[in-house]
Amino acid sequence: MEKIVIKGGVSLSGDVQVSGAKNSALPLLFAALLADGVGEISNVPDLRDINTAVKLLRELGAEVDLQGGCYKINTKKIQSVEAPYDLVKTMRASVLVLGPLLARFGHARVSLPGGCAIGARPINLHLKGLEALGAKIQLDHGYVEARAEKLRGAKISFDLPTVGGTENLLMAASLAEGETVLENAAREPEIVQLAQALNAMGAKITGAGTAIIRIQGVEKLTPLMCQVIPDRIEAGTFMIAAAITGGNVLVRGAVSEDQEALISKLTEAGAVITPEADGLRVVGPKKLAPVDIRTSVFPGFPTDMQAQFMALMTVADGTSRISETVFENRFMHVCELQRMGADIQIDGHSAIIRGAEQMTGAPVMATDLRASASLILAGLAAQNTTEVSRIYHLDRGYEKIEKKLAALGANIWREQE
Ligand code: UD1
């Protein structure tokens, strides 16, 4: 197994390019299943989750080729509609094959993902939505079995705005008969990109990016052609890296409109953020001010940035409160940050952080994807050496993060445990 080693205390400077968004690339790869032909997706990041998605596509019978960062997906010979447990358990987003397979082949069998480190994360809203489109859904030996000769448009009001649920329904409804209206839909930029890509395939979707999305079903879609948007969570992580080290970093690919909540909170903490032609420049303050945050759905503060922001607050000059409202168990990084000297108390769904003058390096363990990033950020600001183990979590969602940080001057490298 590998670990990341960081010798903290360096102020980062320079510029860094953000990779393609994992959470956009995943639904797009699965959207290729909606058409019969060869789809192309460029700017796909090189990540473990992407490899899992490709494995799943191949398992279904798709031919997938990678040529210079561009994936070609041939969906002419799909012979299976089953997403097996082994793949779904390593990546929950595998459930996003449900909508496309059901819509195109009338049948899908997808393993139930079960719980994960950050909470129960059910898919009941995906299933309820597909049932509203006329699918018959059965649970059988841990698998969801969905069938529908032809999906029919319907009005679906989500109990809460689910990103994956909205994506599954967007894809399924694109090939349904008649109009579907999704109410209380998720509004994340990744939803907008998926809708744009589906429209380029011939779908008729309006309203993506708002809470009400209308989808006029079409008979057939043409193969997918798109370029993945930059990863706003990776961008946000580099923005915090600049802030926590008092650095000066141009984050190329960071988009102001997608980062409003983070920009506002980082500014409150004392960072100066300036838009430039192809990204955002972040200059960290000498001393960070404490800031309260409350995670929520887009455009609120992203839950995927909560752990990283907590690392920032461990070295702020005062007390801050971070409330997690999206996932019930997303404070696994707290114990590890405490091992580095952080003063954090959990109070229900909130964490109260009393900022310290400086954190101290320690051996720590990554527990999930964003928690890993949080520990690396803490390590950048800490005295002495921090060693982060179990970095397979990190490799699920950050492309060469240690190399990108090293290019900004950080003392960070990967080695065998
Ligand atoms: C996606 C992102 C993930 C991010 C999350 C919230 C991908 C691949 N992953 O995950 O990085 O943290 O959005 O921004 O894009 N829920 C239900 N029933 C459902 C579906 C969801 O109760 O059927 C609940 C979840 O347990 C959670 C909340 O809704 O509490 C939001 O989940 P959702 O938006 O669906 O997250 P994902 O799509 O799984």
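Here is a walk through some helix contacts, a pocket and two backbone details of this structure.

What you have above is a predicted model, where local features need pLDDT of at least 70, side-chain atom pairs count only at pLDDT 80 or more, and totals for chains, interfaces and linings use all residues. Residues are numbered from 1 along each chain as its sequence is written, and side-chain values use heavy atoms, with hydrogens and water left out.

Let's begin with helices. Two packed helices are described by the angle between their axes and the distance between the axes. Helices here are DSSP runs of H or I with at least four residues, strands are runs of E with at least two, and both are numbered from the N terminus. An axis is a line fitted to C-alpha atoms, for helices over the stretch in contact, and angles between N-to-C directions run from 0 to 180 degrees.

Take α8 (232–244) and α12 (369–381). Their axes come within 9 Å and cross at roughly 20 degrees. That makes α8 roughly parallel to α12 (angles under 35 degrees count as roughly parallel, over 145 as roughly antiparallel, 65 to 115 as roughly perpendicular and the rest as oblique). From α8, the contact (heavy atoms within 4.5 Å) uses Ile233, Thr237, Ile240, Ala241 and Ile244, while α12 brings Arg370, Ala373, Leu377, Leu380 and Ala381. By class, that is eight nonpolar, one polar and one charged residues. In this sorting, Ala, Val, Leu, Ile, Met, Phe, Trp, Tyr, Cys and Pro count as nonpolar, Asp, Glu, Lys and Arg as charged, and the others, Gly among them, as polar.

Which helix does α8 meet through Ala243? That is α10, where Gln308, Phe309, Ala311 and Leu312 meet Ile233, Thr237, Ile240, Ala243 and Ile244 of α8. The axes of α8 and α10 (residues 306–313) come within 10 Å and cross at roughly 0 degrees, so α8 and α10 are roughly parallel to each other.

Elsewhere, α4 (residues 98–105) and α6 (residues 163–174) have axes that come within 7 Å and cross at roughly 15 degrees. That makes α4 roughly parallel to α6. Leu98, Gly99, Pro100 and Ala103 of α4 meet Asn168, Met171 and Ala172 of α6, a contact of five nonpolar, two polar and no charged residues.

Now for some empty space. The second largest pocket holds about 250 Å³. Of the 16 residues lining that pocket, Ile244, Thr245, Gly246, Lys286 and Ala381 are the closest to its centre. Both α8 and α12 give two or more residues to the lining. A pocket, on a 1 Å grid over the protein atoms alone, is an open set of points where a 1.4 Å probe fits, with protein on both sides within 12 Å along at least five of seven lines; lining residues have an atom within 4 Å of a point. Grid points are joined across faces, edges and corners, and the volume is the space filled by probe spheres set on the points.

Finally, the backbone. Most residues other than glycine have a negative phi, and most peptide bonds are trans. Phe298 and Pro299 are joined by a cis peptide bond, with omega about 10 degrees; Pro299 lies in the loop between β18 (293–294) and α10. Asn384 has a positive phi near 65 degrees, and its place is in the loop between α12 and β23 (385–389).
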